[in-house]
Amino acid sequence: CASFLITCLHVYGSDELTVYIVHVKGSEDVTFSAAEQWSDWYCSLLNSASEDLRIVYSYRNVITGFCARLRQREVEAMSKLDWFLHAYPSPVYRPLTTHTPEFLGLSQPSHSVWNATNMGEGIIIGILDTGITPGHPSFDDDGMPPPPAKWNGRCDLNASACNNKLIGARSFVNYDKVTRRSTATPVDDEGHGTHTASTAAGAFVTNASAYGNARAITASGMAPRAHIAVYKVCNEDTCHGYDILAAMDAAVDDGVDVISLSLGGPSADFHSNPVAQGGFKAINKGVFVSCSAGNTGPNRGTVTNDAPWLLTVGASTTDRSFLSTVKLGDGQELDGESLSQPRDFESKMLPLVYPGHATGNENSSFCLSGSLDGVDVHGKIVVCDDGGNGKAEKDDVVKSAGGSGMIIVNSPDFAYSTLVEPHLLRTSNVPYADGLKIKAYINTTSAPTATIIFKGTVMHTPHSPAMASFSSRGPSQITPGILKPDITGPGVNILAAWTSAFEVFSGTSMSCPHLSGVAALIKKAHPDWSPAAIKSAIMTTAYATDNSRGPILDETPPGRLVRGRSWSRGPAEGHGPRTRLRPHAPRLHSLPLRPLRQQPCPSYSWRTSELLLREEHQRSRAELSFHIGQAAGDPFDAGQLHADSDQRQGAKVDVPGDG
C-alpha cells in the first residue's frame, strides 16, 4: 500500500501517524471468502508496491474498510479517490468498571426462566473486554455440550484452557499485521473481562464469596449453559476503537449470537463511531449487541453507546447490602456499607473527628496524603469525604496517622450510592445526607463519639432496585431525541469471578453482561427472533416498580432533573430526598417466554394489545398497533404519544427495526 502513501508524503510533507478507520465503497463484484483476500483488495486500492504496509486490520463483516496508520494529509488526499467513503481517527474506550439471577426472577421455582430456556444452552456470547482467566471454576464445562456446528472460532490459549464452556479466546491487543495474530495472550491481567464474562454466562460455583461476604449457596451467570467466546481488546485501561471493530468483525464471522461490550468512549457521530458502525452491521447479521451506558452520571447527556440499534444498559442496585452501621454518641444509627466486615471489632464508643472541620483545610477533609499531620486522630474514628484520592489511599493515610476506624462520606453527586470496597481499617461508607448528620453532630458536641456495627450481608433490602447515581443519563448528545439508556440492570456491588477467586465491583460494566445473558435466554426460547425483537421484548416486559411495589427511586441528589420527561422528581416515603423515577428505568423481572402478542407491558401505564413481527427483505422490522386508554382500535400515533407523554407517565415506545 506504500506507493500511494509515499506520493502523499512527497506532496504534503510529514506529520504524525495516527490510526484511522477508513470506510470503502463496497462493490457487488467483490466477494471473498478469506480475510487475506480482503486485505489484498484494500491494498490494491492504495496501489500497493512496497513492503512498508501500514494497514493494521482489514474488515469485512461489520464494515467494508480497513484501519491504517496514516497522516492527516494522506487522508485528505485519499478522500479524493472514487472508492473512498469516510475516515476518522480511531477513538479510545475504557472498561466501565451471584445473587442476581434470583433477584431478576430467572430461577423462580414456580415459573423458572432457566427451565424454559435450558439456561441458554447452545447460545454463544461474545465478550469484548480485557480477556479471560482460564481455569477459573466459573468457566468449568461440567455437563456442557459441545458448541453448535455453526461455531467457527478458535482458541489461542493452551490446548487444555478452552473447553465446552469457554469455546474461544483471541486477543486483538498489539496486533501483528504480518502474522495476523496478537503478540499478547487472551489471558486477563486486569480482572474486568473475567468479571463480565462470568456475569453473563458463568457456570455454577458453590460457596462463592468475596472477603467472606456475599456468600452464596451457588453463584452463576445469567445464562449458565451458554458458551463463552472471549475477544481481548483492552490493554490495562486502554481499548482502541480499531481493535474493538476488528473483534466485532471476528465475532460475527465466528458465529456468536450475542456481543457484550462493557466499554465506553467519547460521544461521536454515529458515522464516526466504531461501536455504532460495527453494532449496526452485526445486528443486521442477526447478532444481538449489548453495551454499557457509562459511569459519568448523574449529569444529563452523559450516556455513551447511544446508537438506537444498540441495547444501552444503565446500572441499578440489588436487594443485597453489606451493612456497617454508624452509631453516634447521641443514639443515632446511620446505615452505611463496607466489604470488610470484621468480627473482632468491639462496639465500644470511640472519639470521633472530622479533620476538615478541625483544620479548615480541604485536603484534610479528603484525608489526602500528609493532610493529617498535626491532627490528633490516634485511637479515633476519622470522617473523610469521598473524592480527591482513592478509598484505599484514605485507608493508608488514616491508619498511618493512628486512626482506629474511618467513615467515608459520599460526595453530593454520589448521594445515596455506596460502593463497597475492602478496607484495612474498620470502615463504613455512608450516603451524603447521613454524612451531613454526622458532621452536624460533631459540630454541636464537645466530645463526639461513635462506633461501627458490622451486620454482614443483608438480603431483601427494601426499595430495590434504585438507579445508581453514577449511571450515565440521556439524552444522546448526538441525537437528543433518542431516549437512552434503554433499560437498567444490576450494576452495584456485584459479585463475580476475578483473576483470583471472586470480587465485588460496581459500574455499568457489571449491568451490561446481565442483559447480555438475558438476551441469550430469549434467543434460546425464540431462535427466530431478530435482535430488534429481542431488544423490544426486554424493554416492554420489564418492571418499573421496586420490591416495595413503589416507583423505582433514583440515588441522585434531590432536585436534580434526570432523564427529561421520562423521569420525574419528588420525595419518596422513607428515603428523604431521593428522587422518584417514572417508568422508563425498568428493572428486568419477567421474560417473554410466550409469543409477544397480547403480552402485558408492565413498564408502562398502558398495555400493548398487538405486536406483530414479520421479516421483510431479511431485515428486522416491526409493525405495532396500540390500543391506548379508551381509544381502542385507534392506530398508534407516535406524535400523539409524545404530546401526551406527561399524562402517560413518560411512556416510551421502542419500535424494533434496523436502526
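Author: Strands, labelled E, are DSSP runs of at least two residues and are numbered from the N terminus. The model discussed here is predicted.

Reader: In which strand does Asp 129 lie?

Author: UniProt, in an unreviewed entry, lists Asp 129 together with His 192 and Ser 509 under "active site". Asp 129 is buried, with a relative accessible area of 1%, and leaving aside neighbours within four places in sequence, its contacts include His 192, Gly 193 and Thr 196. The strand that holds Asp 129 covers residues 124–129 and is E6.

Reader: The residues that UniProt lists for "active site" span 381 residues in sequence, so how far apart are their C-alpha atoms at most?

Author: The unreviewed UniProt entry names Asp 129, His 192 and Ser 509. Despite the 381 residues they span in sequence, they gather at one spot, because no two of their C-alpha atoms are further apart than 9.8 Å.

Reader: Which residue's side chain makes a polar contact of 2.8 Å with that of Ser 509?

Author: Ser 509 sits in helix H13, residues 508–525, and counts as buried because its relative accessibility is 0%, where buried means under 20%. The partner is found in helix H6, residues 192–201, and, at 4% relative accessibility, this partner is buried too. The side chain that joins that of Ser 509 through the polar contact of 2.8 Å belongs to His 192.

Reader: Is Cys 155 buried or partly exposed?

Author: Cys 155 is joined to Cys 162 by a disulfide, with a distance of 2.0 Å from S to S. Cys 162 has a relative accessibility of 15% and therefore counts as buried. Since buried means under 20% and exposed means over 50%, the 27% of Cys 155 makes this residue partly exposed.

Reader: Is the disulfide of Cys 367 and Cys 384 right-handed or left-handed?

Author: This disulfide, 2.0 Å from S to S, ties together parts that are 17 residues apart in sequence, because Cys 367 lies in the loop between helix H10 and strand E22 while Cys 384 lies in strand E22. Cys 367 is buried, with a relative accessible area of 0%, and Cys 384 is likewise buried at 0%. The torsion about the S-S bond is about -85°, so the disulfide is left-handed.

Reader: How many of the ten residues of helix H14 are buried?

Author: Helix H14 covers residues 531–540 and is largely enclosed by the rest of the structure. Among its buried residues are Pro 531, Lys 535 and Thr 540. The number of buried residues, out of ten, is ten.

Note on methods: Residues numbered from 1 in each chain as written. Predicted model: local features only at pLDDT ≥ 70, side-chain atom pairs only at ≥ 80, totals over all residues. Heavy atoms only, no water. Buried < 20%, exposed > 50% of the residue type's maximum accessible area, 1.4 Å probe, protein only. Polar contact = N/O pair within 3.5 Å; in protein donor to acceptor, adjacent residues only side chain to side chain. UniProt positions renumbered as here; feature names shortened; annotations may be inferred. Contact = heavy atoms within 4.5 Å. Disulfide = S-S within 2.5 Å.
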